[in-house]
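Please look over the sequence and the model below before reading on. The report that follows takes up charged side-chain pairs and then a single helix.

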Amino acid sequence: MSGNHADRERGGAAGAVLEIACDESGSDGENLTGGNTDVFAHAGVSLSVASAAATVGEIRDRIRSPAEEYKANHLLREKHRAVLDWLLAPEGPIHGQARVHLMEKSFFVVDRAVGLLLGDPAEAIALFRGGRPAFGEDGWRAFLEAANRLLRVRHDGDPVDAFYGTVDALRRAHPRTDAAGILERLAATRPRAVSYRDGLLSGPPLIPPLNPLLPAIVRTAALWNGDGRPLRLVHDRQNMLTPDRIAWIEGTARRAGIGLAGVRLVVARDDARVQVADFLAGIARKIASDELNGRGDPALTALLRPYVDPDSVWGDARSGALLAAPAAG
């Protein structure tokens with residue numbers, strides 16, 4: 001389908017609300033350093049219901065699996081590589097009508113921890129890029145896990161003592177490095193960490209600091225609102241998306257000047273558009289993870305690149321292969 005045809009099909013009259021169907025892949029709740037995935041992906045597609053249904057139908061015809069519900073893993077199997085290439089190709093059914101926001105989970109943890117304690121995003125990037133080479137794989141892993149425990153709403157033991165014990169041990173074992181210098185500044189922030197943990201005693205916050213889904217939804221809305229046209233997000237049902245949190249998403253978007261008309265929840269299997277978003281999110285998460293871990297497929301990375309949000313959340317320079325071009329659309 002050509003871009004102009006698609007715009008007419010889904011757009012209608014000028015000023016009509018644009019519906020973007022969304023889904024995610026890689027959600028492990030607040031366990032961002034010890035979960036099953038190292039990348040979180042949130043995808044949105046602007047296909048019409050008819051076009052999405054035709055795309056899902058074509059994928060079924062090409063793969064011919066007896067599975068009742070298709071997922072990204074079906075397309076990621078090597079024997080179905082031709083189907084995956086077709087889906088992502090410039091002449092394929094979703095090109096120019098789909099985008100995906102990616103988050104490198106370990107950097108998200110560092111960014112949130114340093115943001116809470118130091119309030120300096122530049123320090124988060126410097127620590128993330130310098131921490132592993134300065135502290136070694138085991139030391140860096142210990143820091144990430146301690147930071148994750150500190151910020152988690154639910155925790156065991158004393159996460160404040162554990163975090164600052166890890167900070168002290170690393171900065172003493174690896175002095176005279178830029179990363180150790182940042183840990184020196186973190187070591188002086190214990191009162192902020194105590195205040196944060198004490199604040200949780202009154203109940204869990206509406207927006208858990210380590211859950212990537214909520215800010216990703218706001219970012220997806222911003223991606224599709226570039227022309228100022230109002231939009232509505234149609235999202236797969238999630239336990240995280242309570243009425244209060246949906247109200248937070250809508251209010252945050254409005255304060256940022258994003259014309260979000262609302263968020264509507266659906267069951268993914270009942271909306272082909274959400275199924276296509278699920279495909280893209282799962283595919284993008286796997287390709288991004290492979291790229292970050294040095295096992296990327298250059299051809300797949302190149303096919304994915306036009307879909308990737310250039311403001312995806314990365315701290316590692318290795319993401320350049322994914323973010324070298326602007327998002328499609």
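## The pair Asp161 and Arg190

In this predicted model, Asp161 and Arg190 form a salt bridge in which the closest N and O atoms are 2.9 Å apart. Because Asp161 belongs to helix 7 (residues 159-173) and Arg190 to helix 9 (residues 190-199), the pair ties together parts that lie 29 residues apart in sequence.

Neither partner reaches the buried class, for which the relative accessible area must be under 20%. Asp161 is partly exposed, with a relative accessible area of 42%, and Arg190, at 33% relative accessibility, is likewise counted as partly exposed.

## The pair Glu184 and Arg171

Helix 7 also takes part in a second salt bridge, between Glu184 and Arg171, whose closest N and O atoms are 3.0 Å apart. Here Glu184 sits in helix 8 (residues 178-187) and Arg171 in helix 7, so that this pair links distant parts of the chain, 13 residues apart.

The two partners fall into separate accessibility classes: Glu184 is partly exposed, with a relative accessible area of 41%, whereas Arg171, at 16% relative accessibility, counts as buried because the cut-off for that class is 20%.

## Other salt bridges and a network

Salt bridges that share partners join Glu19, Arg232, Arg264, Asp271 and Arg273 into one network. The side chains of Glu137 and Arg132 also meet in a salt bridge, with an N to O distance of 3.2 Å. Within that pair, Glu137 is partly exposed at 47% relative accessibility, and Arg132 is partly exposed as well, with a relative accessible area of 29%. Counted by the distance rule of 4 Å between a side-chain nitrogen of Lys or Arg and a carboxyl oxygen of Asp or Glu, the salt bridges come to 18.

## Helix 2: length and buried face

Helix 2 covers residues 49-63, and at 1.5 Å a residue its 15 residues should span 21 Å, which agrees with the 21 Å that separates its end C-alpha atoms.

Which residues of helix 2 are buried? They are Ser51, Ala52, Thr55, Val56, Ile59 and Ile63. Viewed down the axis of helix 2, these buried residues fall within an arc of 135°, and therefore they line one face of the helix. An α-helix has 3.6 residues a turn, so residues three or four places apart point the same way.

After helix 2 comes Arg64, a residue whose phi is positive, near 60°.

Notes. Residues are numbered from 1 along each chain as its sequence is written. This is a predicted model: local features need pLDDT of at least 70, side-chain atom pairs count only at pLDDT 80 or more; totals for chains, interfaces and linings use all residues. Side-chain values use heavy atoms; hydrogens and water are left out. Helices (H or I, at least four residues) and strands (E, at least two) are DSSP runs, numbered from the N terminus. The expected span of a helix is 1.5 Å times one less than its number of residues. Buried means under 20% relative accessible area, exposed over 50%, partly exposed in between (1.4 Å probe, protein chains only). The arc is that of the directions from the helix axis to the C-beta atoms.
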